[in-house]
Amino acid sequence: LQVLDLDHMQIREIPDTITRLASSLTRLSVTHNKIDALPESVASLTNLSELLLGYNRIERLLPAHFALTNLVYLDVNHNPIRTPPYEVLSLILERKSATS
């Protein structure tokens with residue numbers, strides 16, 4: 001399984017069992033749900049290149065979420081995310097300068 005689309009499913013959390021897909025999953029879309037936190041287990045999805053989290057209730061991102069080295073596209077629009085921690089901003093800036 002390379003693509004998992006759970007949009008508009010009214011789910012409140014991403015189950016930790018998603019790590020079973022770690023070796024194959026390249027795109028995870030969970031937009032338009034009621035997710036309020038992103039589990040650290042998402043960091044084990046090392047082949048993930050697209051992570052779509054828009055239109056949820058996510059308030060914060062952790063540095064562990066940015067250990068996804070193949071991540072090219074992250075969508076977190078329409079979430080009440082407060083200012084990301086400094087570590088997260090640093091990781092984003094590092095990746096941006098590495099690709100420039």
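# Exercises on a predicted model

The protein chain of this predicted model averages a pLDDT of 86, and 87% of the residues score at least 70.

## Exercise 1: Elements and confidence

Task: State how many helices and strands the protein chain has, give their pattern along the sequence, and say which element has the lowest mean pLDDT and which the highest.

Solution.
- Step 1. The protein chain holds one helix and four strands.
- Step 2. Along the sequence, these elements follow the pattern β-β-β-β-α.
- Step 3. Helix α1, residues 86–99, has the lowest mean pLDDT among the elements, 68. Strand β2 has the highest, 96.

## Exercise 2: The sheet

Task: Find the order of the strands in the sheet, name its edge strands, and describe how β1 is joined to β2.

Solution.
- Step 1. The four strands form an open sheet in the order β1-β2-β3-β4, and the pairing is parallel.
- Step 2. Strands β1 (3–5) and β4 (73–75) each pair on one side only, which makes them the edge strands.
- Step 3. From one strand to the next, the twist averages 5°.
- Step 4. Strand β2 covers residues 27–29 and runs parallel to β1; three bridges join the two.
- Step 5. Within this part of the sheet, Leu4 stands opposite Leu28 in β2.

## Exercise 3: The nonpolar core

Task: Name the residues of the largest nonpolar core that touch the most other members, then list the contacts of Leu45 beyond its neighbours within four places in sequence.

Solution.
- Step 1. The largest nonpolar core has 19 residues. Those that touch the most other members are Leu28, Leu45 and Leu51.
- Step 2. With neighbours within four places in sequence left aside, Leu45 is in contact with Ile18, Thr19, Leu21, Ala22, Leu25, Leu28 and Leu68.
- Step 3. Leu28 therefore belongs to the core by the buried, nonpolar criterion, and Leu28 is also among the contacts of Leu45.

## Exercise 4: Two residues between β2 and β3

Task: Decide whether Thr31 is buried or exposed, and say what is notable about the phi of His32.

Solution.
- Step 1. Thr31 lies in the loop between β2 and β3 (50–52).
- Step 2. The relative accessibility of Thr31 is 9%, so Thr31 counts as buried, the limit being under 20%.
- Step 3. Beyond its neighbours within four places in sequence, Thr31 has contacts that include Leu6, Asp7 and His8, as well as Leu52, Leu53, Gly54, Tyr55 and Asn56.
- Step 4. His32 is found in the loop between β2 and β3 too. Its phi is positive, about 55°, although His32 is not a glycine.
- Step 5. With a relative accessible area of 30%, His32 is partly exposed.

## Exercise 5: Three residues between β3 and β4

Task: Place Gly54, Tyr55 and Arg57 in the chain, and say of each whether it is buried, partly exposed or exposed.

Solution.
- Step 1. Gly54 has its place in the loop between β3 and β4. Its relative accessible area is 0%, so Gly54 is buried.
- Step 2. Not counting residues up to four places away in sequence, Gly54 touches Val30, Thr31, His32, Asp75, Val76, Asn77 and Asn79. Its C-alpha is 9.2 Å from that of Leu74, 20 residues apart in sequence.
- Step 3. Tyr55 is found in the loop between β3 and β4 and is partly exposed, at 37% relative accessible area. Tyr55 is not a glycine, yet has a positive phi of about 60°.
- Step 4. Arg57 lies in the loop between β3 and β4. At 42% relative accessibility, Arg57 counts as partly exposed.
- Step 5. Arg57 and Lys34 are 23 residues apart along the chain, and their C-alpha atoms are separated by 5.9 Å. Lys34 is also one of the residues that Arg57 touches, along with Arg12, Ile35, Asp36, Asn79 and Pro80.

## Exercise 6: The chain as a whole

Task: Give the share of buried residues, the share of contacts that join residues at least 24 apart, and the accessible surface.

Solution.
- Step 1. Of the 100 residues in the protein chain, 34% are buried.
- Step 2. Among contacts between residues at least 6 apart in sequence, 38% join residues at least 24 apart.
- Step 3. The accessible surface comes to about 6100 Å², and 54% of it belongs to carbon and sulfur atoms.

Conventions: Residues are numbered from 1 along each chain as its sequence is written. This is a predicted model: local features need pLDDT of at least 70, side-chain atom pairs count only at pLDDT 80 or more; totals for chains, interfaces and linings use all residues. Side-chain values use heavy atoms; hydrogens and water are left out. A nonpolar core is a set of buried Ala, Val, Leu, Ile, Met, Phe, Trp, Tyr and Cys residues joined through side-chain atoms within 4.5 Å. Buried means under 20% relative accessible area, exposed over 50%, partly exposed in between (1.4 Å probe, protein chains only). Contact means heavy atoms within 4.5 Å. Two strands pair if DSSP finds at least two bridges between them. Axes are lines fitted to C-alpha atoms, for helices over the stretch in contact, and angles run from 0 to 180 degrees between N-to-C directions. pLDDT is the predictor's confidence in each residue, from 0 to 100. Accessible areas come from the Shrake-Rupley method with a 1.4 Å probe; for residues, only the protein chains shown count as cover.
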